[in-house]
Amino acid sequence: MDPLRRSSSPCCSTPSSPRTPPCEASDSVGIEAVLDQLKIKAMKMGFEFNIMVVGQSGLGKSTMVNTLFKSKAWKSSLPGLGTPTPQTLQLHSVTHVIEEKGVKLKLTVTDTPGFGDQINNDKCWDPILGYINEQYERYLQEEILITRQRHIPDTRVHCCVYFVPPTGHCLRPLDIEFLQRLCRTVNVVPVIARADSLTIEEREAFRSRIQEDLRNHCIDVYPQKCFDEDINDRILNSKIRERIPFAVVGADREHMVNGRCVLGRKTKWGIVEAPTSKT
């Protein structure tokens, strides 16, 4: 064998035989850049989140929304201070843009004053269900157009937070009737309003009774079983289901506690701190 004879380069210009493996590209295609492009586009356009709050008057719905998003996203007037109690169910929506670390969130809060406040609450849920279905239909009609808008305004209700009065007993017939219809249309998150009015034992017993009512009346709240796609989601959703309905406390004033400023409600026996998420 000739020692001066060199083997041909695997990346020569001559066509290779079918048995010869093809040349491997030295550079990547760039598929990983798609995530960066989507992130840049999302940061530029921002996000939209539409939330509906349902519950009787005086349960702290507006305060809870403001506490959750750390902003004055909703302003309400107390009954008896120049604002008459509505005789029929009305729906009011307020849009508020929240920006944090360059991320914009277009938050739309829809309130339902008058729900459950009347003596006769027969079919008081019809305006709410009609509004939710109307937003679905409006978005669908825009989406099926051949020459549709570049960005379709999303007015669909993404989540409905249902405030349960802290009675300590169980769900009322009105709650059951409405939740059975509502869970078929939108993601429902039930919460115990003004949970600080209950002791820890009363709160846990109340939560257990509500969970039993939800199972007995086939009320499927968020997160639904269809979201258990893999083992990680299943574990996380199971932990969430154990805490439903969530016990919430809203506050709109800050107080000094041990040298630090906290958001909470001041009572005669102390300050109830409203837990907020850290971002």
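Begin with the cysteines of this predicted model. A disulfide is a covalent bond between the sulfur atoms of two cysteines. With a cut-off of 2.5 Å between cysteine sulfur atoms, the count of disulfides comes to zero. Select C160 next: C160 takes part in no disulfide, and the nearest cysteine sulfur, which belongs to C159, lies 7.0 Å away. Because its relative accessible area is 0%, C160 is classed as buried. Then select C170, another position to view for its exposure. C170 is partly exposed, since its relative accessible area is 38%.

Move now to N121. Which two elements does the loop holding N121 join? The loop lies between strand 3 (103–111) and helix 3 (126–143). With N121 selected, display its surroundings as well. Leaving aside residues up to four places away in sequence, N121 touches G116 and L174. Is N121 buried or exposed? N121 has a relative accessible area of 18%, and buried means under 20%, so N121 is buried.

The last stop is on the surface. Select V29, I31, V34, L35 and L38 together, and show their surface: these residues make a nonpolar patch of about 560 Å². Within this group, centre the view on L35, one of the residues that form the patch. L35 is located in helix 1, which covers residues 33–45. Why is L35 classed as exposed? The relative accessible area of L35 is 62%, and the class of exposed residues begins over 50%, so L35 belongs to that class.

Notes: Residues are numbered from 1 along each chain as its sequence is written. This is a predicted model: local features need pLDDT of at least 70, side-chain atom pairs count only at pLDDT 80 or more; totals for chains, interfaces and linings use all residues. Side-chain values use heavy atoms; hydrogens and water are left out. Patches are made of residues with over 30% relative accessible area and no salt bridge: like charges are joined within 9 Å, nonpolar side chains (Val, Leu, Ile, Met, Phe, Trp, Tyr) within 5 Å. Accessible areas come from the Shrake-Rupley method with a 1.4 Å probe; for residues, only the protein chains shown count as cover. A salt bridge is a side-chain nitrogen of Lys or Arg within 4 Å of a carboxyl oxygen of Asp or Glu. Helices (H or I, at least four residues) and strands (E, at least two) are DSSP runs, numbered from the N terminus. Buried means under 20% relative accessible area, exposed over 50%, partly exposed in between (1.4 Å probe, protein chains only). Contact means heavy atoms within 4.5 Å.
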